[in-house]
Each structure stands twice: as structure tokens, then as C-alpha cells.
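Trainee: Could we go through this structure together, one question at a time?
Mentor: Gladly; have a look at it, and then ask away.

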Amino acid sequence: MAKGKEETKLHFRQEIQKLRTEGPHNLYLLWGKEDYLREQYLKTLRDICLPEGEGGFNYKRFDGPDLSSESFRQAVDALPFLADRSFVELRDVDINKLKDAPAVVDILSDLPDYCTVCFVQGAEYEPDGRLKLVKCLREKGSELKFTQQGQGALIDWIARRFAAHGKRIDFEASQRLIFISGDLMNRLIPEIDKIAAYTAGEKVGVAEVEAVAHHIPEAQVFSLTDLLAQRQYSAAMNTLAELLAENEYEPIFLLAVLGAQMRKLYGARLAIEQNLGAKYVMECCGVKYDFLANKLLNSARGYSRTQLQHAVALCAEADLQMKSSGGDAREILKNTVLAIAAEATNAKR
């Protein structure tokens, strides 16, 4: 099984300190899934460039996807009024498909010293490094990709958010919150607020997290596959029924999550057979946190390698069936889970 490419982590505090020490550069490209940190960095950058605030003449903002190069040039060339710098913010401008890209490249290649230009991209954006505009942004500017934080930094941040509510969360509960609700800070903030409001005492434990935190589909599908590993087939089908009853996710999306989970379990099973540990599972399966890798290893012990190979194949076949047959996607998903359960029942351990 091929190893996943490890994502380089952005050290947010170091970048903020660097910005405050060195001062602003002329050009920035801010992107990545961790939009909370992106917005925090952007606010700090704006505050440094615009000590008088955003309401003055020195702040210009363009919202994508299109951009007029003439309007952009006028914003860049405008001298700051009673200040040292001007700030031009471009939000969700589709730099991968920008019609006026050559003219924008010309502008970015000769920015005045007094102007800071910042391209701010949405969470799903991925720059196309083959394009001249992207190459120009990377050559002339500072590119920051805001990634999910490492386990220690994220758990410390969760503790600080709860402390602001006068609450104290234990380590196991923090891990459970990340598992249940994901690791994106903007998604965790409302969950932390809900849990803090729900918790009567000072201490937040796993029970409080379980009671009110939103369960992302990845966590629910993990629970489903865990139940299959434990031969709790009725409970597994009940979990699937609850997922389908919510009508929040399409069956084809849930199948994709199930298939990804089965591939991770297969990688974990190989690690068990080769006496490899959580670090290998993290590298092999693209798992960010060691406690999640250990959960995978524990769950994979309930399956044989043959079972998981068959489960991965069943998910691939179901995906093709959903996309090509026009059959009932909900029934296809149910039948796939039943087939995985039947394989587990009949397998010789």
C-alpha cells in the first residue's frame, strides 16, 4: 500500500512573530483548509498595514471570482493617505482561471513599496503551480498554506477556548472532540461553545463531549466499521440507518467515506502483520494524529487481511454501480455494508 504524502505543517505562532518582527511584505497568497488561522493571520497583517483601520482610504477590497486589471492597477497605484502603507485585499479571485492574468502578472511584478497586496483563497482552493500567475505569486510574494495544526498545538488551543468559558477539559475528552467533530478550528468553535454551555461543573469530560458535539460522517462511519469488527451487526446497521435518515449526506458520499475507512483499516492490518506501529499507519494512511492511528490499529484487529481486501473491492464495485446503473443508491450502500458483514461472519479467523 502506497504511503501518503505527509503535509508540511505551518507553525502559526512563528509566522505571526515573523510578521510582527520583519513587518509586512508587498505580496501574499493565503490559502488552505484551516480558515480560522488564515483569518487570524489576515487580521494581524491588516492591523499592521492599516493602523487607522479598514474604514479609511488606504484599504481596497476585491471579491472574486473575476478581477478587472484596470481597477486592480488603480488600487495598487493609489498613494496612501496620511499613512505609510495601503492594503489591497483580493478574496476568492480565481487565479487559476483569471482571464486578465497576464495584466495582473505585470502589475504584481512591479508593486510599489508602499502597497501590500494579499490574495485570500477559500478552504477548497488549490493553486495550479503550472500557471504564470501562480508562479509569479510564489516568486514575488509570501505563500502561506494554512494546514490543520498538530495534535499538541490543537489540544492546547482547545484547552484555551474552554478556559475562556471558565471550563477545564481533560486530555481524553479533547481527543474525543477532535475524533467526533474534526480538526478544523472554525468547526470546533461552535462545538466548544455548546459543550461549555451544557457542562454544569468546571470539568469537561468525554460524556459531555459525546452528549452535544456534532458527529462528522467520518466519525460515524468509523463507529460503524468498529461495530462490524466487533460482530455487532445490528448496531452497525442501526448506525447506517441513522446516517441515511438524517438526509444530510448523499449515499455516494457516505460510500466514499466508507471506502476510505476500509482502505485505512487495510493499511492498519498490514502494519499489525508486519509488527509496525502507529507511526507507519500515520504515514501510510494519511492519519494526522497518533491517537487516531491507534484507534485504527485497534479496530483493524477485528478483521483479517482477506476481509478488508474484500471490503475495499465491495466499496469500489458499489461506487461503479451507483455511478453507472441508475439503481437506488441507498439500497446499494445498505447491501454493501451487509456484504461486508456477511464476509466477516463467514471468514475463518
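Trainee: Which residue does E273 meet in a salt bridge?
Mentor: This is a predicted model, where local features need pLDDT of at least 70 and side-chain atom pairs count only at pLDDT 80 or more, while totals for chains, interfaces and linings use all residues. Residues are numbered from 1 along each chain as its sequence is written, and side-chain values use heavy atoms, with hydrogens and water left out. A salt bridge here is a side-chain nitrogen of Lys or Arg within 4 Å of a carboxyl oxygen of Asp or Glu. At 3.4 Å from N to O, the partner of E273 is R269.

Trainee: How far along helix 12 are E273 and R269 from each other?
Mentor: Helices are DSSP runs (H or I, at least four residues) and strands are too (E, at least two), numbered from the N terminus. Helix 12 covers residues 251–273, and E273 and R269 are 4 residues apart in it, so the separation is about one helical turn.

Trainee: Is R269 buried or exposed?
Mentor: Buried means under 20% relative accessible area, exposed over 50%, and partly exposed in between (1.4 Å probe, protein chains only). E273 has 36% relative accessibility, so E273 counts as partly exposed. R269 has 14%, so R269 counts as buried.

Trainee: Which residue forms a salt bridge with D319?
Mentor: Look in helix 15 (residues 305–324), where D319 and its partner lie 4 residues apart, about one turn of the helix. D319 is partly exposed because its relative accessibility is 24%, and the partner is exposed because its relative accessible area is 59%. With the closest N and O atoms 3.1 Å apart, that partner is K323.

Trainee: Which residues do salt bridges with shared partners join into one network?
Mentor: Start from R38 and E39, whose closest N and O atoms are 2.9 Å apart. R38 counts as buried because its relative accessibility is 8%, whereas E39, at 24%, counts as partly exposed. The network is made of R38, E39, R46, E89 and R91.

Trainee: How many salt bridges does a search of the whole structure find?
Mentor: The pairs R38 with E39 and D319 with K323 are among them. The search of the whole structure finds 17.

Trainee: What is the accessible area of the nonpolar patch on the surface formed by F57, F81 and L82?
Mentor: Such patches take residues with over 30% relative accessible area and no salt bridge, joining like charges within 9 Å and nonpolar side chains (Val, Leu, Ile, Met, Phe, Trp, Tyr) within 5 Å. L82 sits in the loop between helix 3 (69–77) and strand 3 (86–91), and its relative accessible area is 79%, so L82 is exposed. Areas come from the Shrake-Rupley method with a 1.4 Å probe, and for residues only the protein chains shown count as cover. Together F57, F81 and L82 have about 430 Å².

Trainee: How do the residues lining the largest cavity divide into nonpolar, polar and charged?
Mentor: On a 1 Å grid over the protein atoms alone, a cavity is a set of points where a 1.4 Å probe fits but cannot get out, and lining residues have an atom within 4 Å of a point. The lining consists of V221, L224, L240, L243, L254, L258, L333 and V337. Ala, Val, Leu, Ile, Met, Phe, Trp, Tyr, Cys and Pro count as nonpolar, Asp, Glu, Lys and Arg as charged, and the others, Gly among them, as polar. The division is therefore no polar, no charged and 8 nonpolar.

Technical notes: On a 1 Å grid over the protein atoms alone, a cavity is a set of points where a 1.4 Å probe fits but cannot get out, and a pocket is an open set with protein on both sides within 12 Å along at least five of seven lines; lining residues have an atom within 4 Å of a point.
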